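Trainee: I am new to this structure and would like a close look at a single part of it. Could you take me through the residues that carry the "active site" annotation, and tell me where they lie and what surrounds them?

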Amino acid sequence: MSSKRGVSSSIKSAAASIVDDKKDSKLKGMSGDCSEDVLIEESCWKVQSVEFQSIKEDPAKIEAMTVQELRATLRKFGVPAKGRKGDLVFALKHFMGKQIDGESSQELEERVSFNSLENISLQKNTKRTSDESSVVSINTVSEVSGFKQSKRRMKQSYVEDEIVKVDTEIVTSKRKLSIKTDDLVTLPQAEPWTVLSHKKPQKGWIPYNPRTMRPAPLTDGNSVKLMSWNVNGLRALLKFEGFSALELAQRENFDVLCLQETKLQEKDVDSIKQCLIDGYENSFWTCSNAKLGYSGTAIVSRIKPLSVCYGLGIPDHDCEGRVVTAEFDSFYLVNTYVPNAGDGLKRLSYRITQWDPSLSNYMKELEKSKPVILTGDLNCAHQEIDIYNPAGNKRSAGFTEEERQSFGSSFLSKGLVDTFRKQHPNVVGYTYWGYRHGGRKANKGWRLDYFLVSESIADNVHDSYIVPDVNGSDHCPIGLVLKV
């Protein structure tokens, strides 16, 4: 083992050598490298655009792809590519559907270009790594000396001879390649929701674990179990090879299931009804007329409701199939898919000045005769505890100050109770995870799905819960057990 002075001297020599090498490299490649990167990036984008168009024109190609082809295609588009063939087929179909349903070409280009740049960067780093000796991820002498170990971590790598550590930079001999990441690299959790995942957790916050936090089932039978799920395309969900709706019904034994974002057209409803689970003969569907294959809600029940109503009774709000109301003996159940503020917050004004007040007034009118339960994708993470990265989403649809204030003033201040937050005041539990960047595997999500109930029945809630292990959509189901 060499002395500290010897180590320091070696480091300085290595760093100086790197600086010289970088200067030479910059002089030699000043004009060539940048243009080459741009050409490669443009070429990748053109190839992937052609591939996207080819699949779009003939979706049957997806089913015919091998597992290797599916994974390669998904990676090109920046989509996670893990799981069985069925999972990969579903992921690619869902991605294509998202693009066709309205994701802009600019977003697609950014997704693909980012993925291409990652590949280019990795290839260039590999070329620059020597078999005999290499210095990995040292940009400048000042970066080497200024790095803080607490802010960066790296994968540990085995070396044949000697490793000299300078903060988190490693000088190795007889090493092929070492890769550094900005985030801690960990093995995926089998149940990631059981690990607290939040950018700015507060003292006392804990992760939601349904295994330990759900109360024992009621035994007297005087209760009703309601569930809600944004399925993000019902036809795709019915083809999903993972956990099925039938298994969900068998496991949860729910009485009523509310669905949002079915994306059905009216002509599809009869055929979908044929796929319903035995015992749930009562189903009520509303579809979007303004834009086909968009939005859509439904209530599926084994209890026959006293009456059913569609929409809010306001034509400007009712053309997108966003509300179904079922009246039962002791309450009204309002299943809602609240409009998203949209890209660029283009529907924010409509959301907070028209939709929320109209829905609030509708709820108060129903409450004149009996208590109300409002459920569905309400498209708002109300508090900072309800979103993984609050600071980074201040102007993101679903977490703007305007939407959060409207959520409070239109619903909570009008006597509705957030049942999950009442039962779990300091629990971090999410119901939505974006497909990009593996949000679900890392539990970087949002709580957008709710059961809000009238104050008069809030104390009758036995359990308000999340079912985070059910896949098939970017949302997971939520449930409510109510004593009646």
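Mentor: What follows is a walk through the annotated site, residue by residue. Please keep in mind that this is a predicted model. The annotation "active site" comes from an unreviewed UniProt entry, and it covers Tyr 337, Asp 377 and His 475. These residues span 139 residues in sequence, yet no two of their C-alpha atoms are more than 12.6 Å apart, so they gather at one spot.

Let us begin with Tyr 337, which is placed in strand E13, a strand made of residues 332–337. Because its relative accessibility is 9%, and buried means under 20%, Tyr 337 counts as buried. Apart from its neighbours within four places in sequence, Tyr 337 is in contact with nine residues that you can look up in turn: Asn 230, Gln 260, Glu 261, Ser 295, Thr 297, Arg 322, Trp 355, Asp 377 and Asn 379. With one of these, Glu 261, the side chain of Tyr 337 also forms a polar contact of 3.4 Å.

Turning to Asp 377, we find this residue in strand E14, which runs over residues 372–377. Asp 377 counts as buried too, with a relative accessibility of 2%. If residues up to four places away in sequence are not counted, Asp 377 touches Asn 230, Gln 260, Thr 336, Val 338, Leu 448 and Asp 449, and also both Tyr 337 and His 475. Asp 377 is therefore in contact with each of the other two residues that the annotation covers.

Terms used. Residues are numbered from 1 along each chain as its sequence is written. This is a predicted model: local features need pLDDT of at least 70, side-chain atom pairs count only at pLDDT 80 or more; totals for chains, interfaces and linings use all residues. Side-chain values use heavy atoms; hydrogens and water are left out. UniProt positions are given in the numbering used here, feature names are shortened, and annotations may be inferred rather than shown by experiment. Helices (H or I, at least four residues) and strands (E, at least two) are DSSP runs, numbered from the N terminus. Buried means under 20% relative accessible area, exposed over 50%, partly exposed in between (1.4 Å probe, protein chains only). Contact means heavy atoms within 4.5 Å. A polar contact is a pair of N or O atoms within 3.5 Å; within protein, one must be able to donate a hydrogen and the other to accept it, and residues adjacent in sequence count only if both atoms are side-chain atoms.
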